[in-house]
Amino acid sequence: MIAATKSINELLREWQQARLMTSLDRHFALEMSKLHGESSPLFTLICALVSQYLSSQHTCLPLRQIDLSNPFKEQSSQCQIELDLLSLEQALLNFDAISTPKNGALTPLILDKGNLYLQRYYHYETEVADSLKRLSFAEQHAAPQLTDIKAVNELLGKLFPPTELQYDWQKIATATAMTKKLAVITGGPGTGKTTTVTKLLYLLCAGQDLTIRLVAPTGKAAARLSESIKASKQRLANELAQANIADLDKNIAKVPEDAATLHRLLGVIPNSHQFRHHKDNPLRLDLLVIDEASMVDLPMMHKVLSALPEHASLILLGDQDQLASVEAGAVLADICAGLKQVSKTTGKSRWQMRYSQAQAEKLSQLTDSTLTAFTHPSPKIGDSLCMLMHSHRFQGDAGIGQLALAVNQSNLPRVAEVWQHGYQELRWIEHSLLNQQSNTSSNTGLESLLAESVDKYGLYLTAIKQANTQTGLDAEAIIDSFNQYRILCAMRAGEYGVEGINQSVTSALAAGGLIKPEQEFYAGRPIIIQSNDYNLGLFNGDIGLILPDPQSQNGRLMAHFIQADGSLLKVLPARLPSHETCYAMTVHKSQGSEFSHVSLVLPIRPSVAQQQLLSKELVYTAITRAKHHFSCLGSQRVFEQACTRLPQRASGLAQRLWRDA
Ligand SMILES: Nc1ncnc2c1ncn2[C@@H]1O[C@H](COP(=O)(O)OP(=O)(O)OP(=O)(O)O)[C@@H](O)[C@H]1O
């Protein structure tokens, strides 16, 4: 049954050398074997795989997905462990370090429903599922005047005037949050998530004093949430004034507009992984709104839910189609998983709401919409969910919206049609290699992208130059100008990854006389922070510009950052935590941000490992970061392959939320 030609130690070393696993995975496996006195190669291999899956953002190792005789799908495998699924489960449960939850034993590894977890992640997942279900099953306690269905129906009618759409999902989402302690409002860019949440906060604030906190996973996303809520409050005030609903508008001021990061909400303790708020020291709030929830990983969601006081409500906002969190888990996608309907005939998938009979009736009474088509015998968490389907942002800029939709549906003929249509806001730049035979091949596609970047970045760089001699420097305006354009790369390494493109853009800008990159820090250098520094108030992903300090007489260079509250932070370059140049950044790091113009760079010949990263979510996330223009440097084949790749994150959360009692 088990006859490895090489020892498991040798195999682990070879896999690490071949970069199929990290040294952390190998050492974890070896340490676990030593700690538990296990000499079995199966135990060592399985520990290495659990760790390797976790580093690849899965929360567990699904046993049915692995082939122990060739765990990394190599051309020829030296690993000769042959076990069918049932025998494997039995063999694993014979190890002292592995048990099922039924045993109640606190073993380091837990096997549940065919998934093998590190104990900590098993607890994260089960506790997150329990908390979400508890909140979803609990009724919202509204102010006394909002307990009357007729009164709420009238208020909703005033806030959401009739539309020509068959269903006003914004209105239904608001009604959902009026009835349940958990409301999950999802939708693509511009579908009205912020507009909806502003209206529902406004209603929930009516007649009662609630402590409401608005948060997002990153400083950038928090700043954007603040701005959107402010604009949305203003629009609501205008709408109410125009409709002569003067008696309604006094509550608008109660709707909060300051947003913080999740870290700030939970209370960072310097040099510690613990937060100040947790189960035994809960947050002091009645309602928590988390925007960009797709970026929240499983451990962070666990921390937030543990710190949520018993009586509080939770609203999650986000786009379930975006890239999942950088760390393990895909919590928002798992919450929405039960709404995905796959057609048996075409294989195509679409989203469909799933309400219990009772919830459908209640929502119908509140909104005058007939929702019987969306009832389901076992809706579970579905009563708390609402998906906004109609984009209000992309009507004018149709090309970006159409491309995002076609990519999201993996509809290749439509993708090709959109590119060929000639939308003025879309630009395809083909990788086009000249002199392929010689080592000095030049890519006219890349040259075209670099020319575009010199044009775009030239605007803020020229503003810096002119500011020195003329009017003085307005750092906020220059950072704003820099943020109008961004190059996003699918990869980090290589000529067409972040590293290569940053070098190429730096050279192109220097050749154009726009920057002088001879020194490490030069005026106009954009930087992205790569680790958290709580003392300075700088966090992983924060982006700033090196600019001459207008307050210093000799124009001393300082790193300038706009903080979540809109204020300017200046830091001496020498004090910066680890950082790198940021003319180009990864699509992952761009989540939660928007730019007027985005250029996506795809590699020419992605390796097998790189192909795994080029997914539909990645391309969709890049496109939806663009407000007015989107260009893409790539080849049709790589773009189309990415659009059809749907990476799955192994997790048992969807099953716990949708199938388990
Ligand atoms: N029901 C509606 N009718 C007309 N315009 C709307 C409606 N809802 C939202 N909008 C407009 O669409 C734009 C985007 O709305 P909003 O910011 O609420 O969307 P969002 O989903 O939060 O976007 P993002 O993905 O950028 O966070 C705004 O200009 C808003 O005024």
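This passage describes helix 8 and the ligand shell, two five-stranded sheets, a small group of strands, and the setting of Y121 in a predicted model.

Helix 8 covers residues 193-205. At 1.5 Å a residue, its 13 residues should span 18 Å. The C-alpha atoms at its ends are 18 Å apart, which agrees. Of these 13 residues, 12 are buried, so helix 8 is largely enclosed by the rest of the structure. Among the buried residues are K193, T194, T195 and T196. V197, L200, L201 and Y202 are also buried. After helix 8 comes G207, which has a positive phi near 75°.

Helix 8 also takes part in the surroundings of the ligand. The shell around the ligand draws at least two residues from helix 8 and at least two from helix 9 (219-242). There are 14 residues around the ligand, and the nearest are G192, K193, T194, T195 and H392. By type, the shell holds 10 polar residues, 3 charged and 1 nonpolar.

An open sheet of 5 strands, paired in parallel, follows the order 13-24-23-16-22. Strand 13 (426-430) and strand 22 (584-586) lie at its edges. Each has a single partner strand, so one side of each is left without a neighbour in the sheet. From one strand to the next, the twist averages 25°. Helix 18 (residues 498-511) packs on this sheet. Helix 18 touches strand 16, strand 22 and strand 23 (595-601), and its direction makes about 170° with that of strand 22. Strand 16 (residues 485-489) is joined to strand 22 by 3 bridges, in the parallel sense. Within this region, C489 stands opposite T586 of strand 22.

A further open sheet, again of 5 strands, has the order 20-19-18-17-21. Here the pairing is antiparallel. The edges are strand 20 (568-571) and strand 21 (579-581), each pairing on one side only. The twist in this sheet averages 35° from one strand to the next. Helix 17 (residues 475-482) packs on the sheet and touches strand 17 (526-529), strand 18 (543-548), strand 19 and strand 20. The direction of helix 17 makes about 130° with that of strand 18. Strand 19 (residues 557-562) and strand 20 run antiparallel and share 4 bridges. I562 has L568, in strand 20, as its bridge partner.

Strands 2, 3 and 4 show both senses of pairing. Strand 2 (residues 98-99) runs parallel to strand 3 (residues 109-112), with 2 bridges between them. In that pair, S99 is bridged to I110 of strand 3. Strand 3 pairs with strand 4 (residues 115-118) in the antiparallel sense, over 4 bridges. I110 therefore has a place in both pairings, standing opposite Y117 in strand 4. Strand 3 and strand 4 make a hairpin with 2 residues between them. In the turn, K113 has a positive phi of about 50°.Y121 lies in helix 5 (residues 119-137). With 23 other C-beta atoms within 10 Å, Y121 is buried. Leaving aside residues up to four places away in sequence, Y121 touches T59, C60 and A328. Y121 and E227 are 106 residues apart in sequence. In space, their C-alpha atoms are 35 Å apart.

Terms used: Residues are numbered from 1 along each chain as its sequence is written. This is a predicted model: local features need pLDDT of at least 70, side-chain atom pairs count only at pLDDT 80 or more; totals for chains, interfaces and linings use all residues. The expected span of a helix is 1.5 Å times one less than its number of residues. A residue is buried if 20 or more other C-beta atoms lie within 10 Å of its own, exposed if 12 or fewer, and partly exposed in between; C-beta atoms are placed from the backbone. Two strands pair if DSSP finds at least two bridges between them. Axes are lines fitted to C-alpha atoms, for helices over the stretch in contact, and angles run from 0 to 180 degrees between N-to-C directions. Two residues are in contact if their C-beta atoms, placed from the backbone, lie within 7 Å. A residue is near a molecule or strand if its C-beta atom, placed from the backbone, lies within 6 Å of it. Ala, Val, Leu, Ile, Met, Phe, Trp, Tyr, Cys and Pro count as nonpolar, Asp, Glu, Lys and Arg as charged, and the others, Gly among them, as polar.
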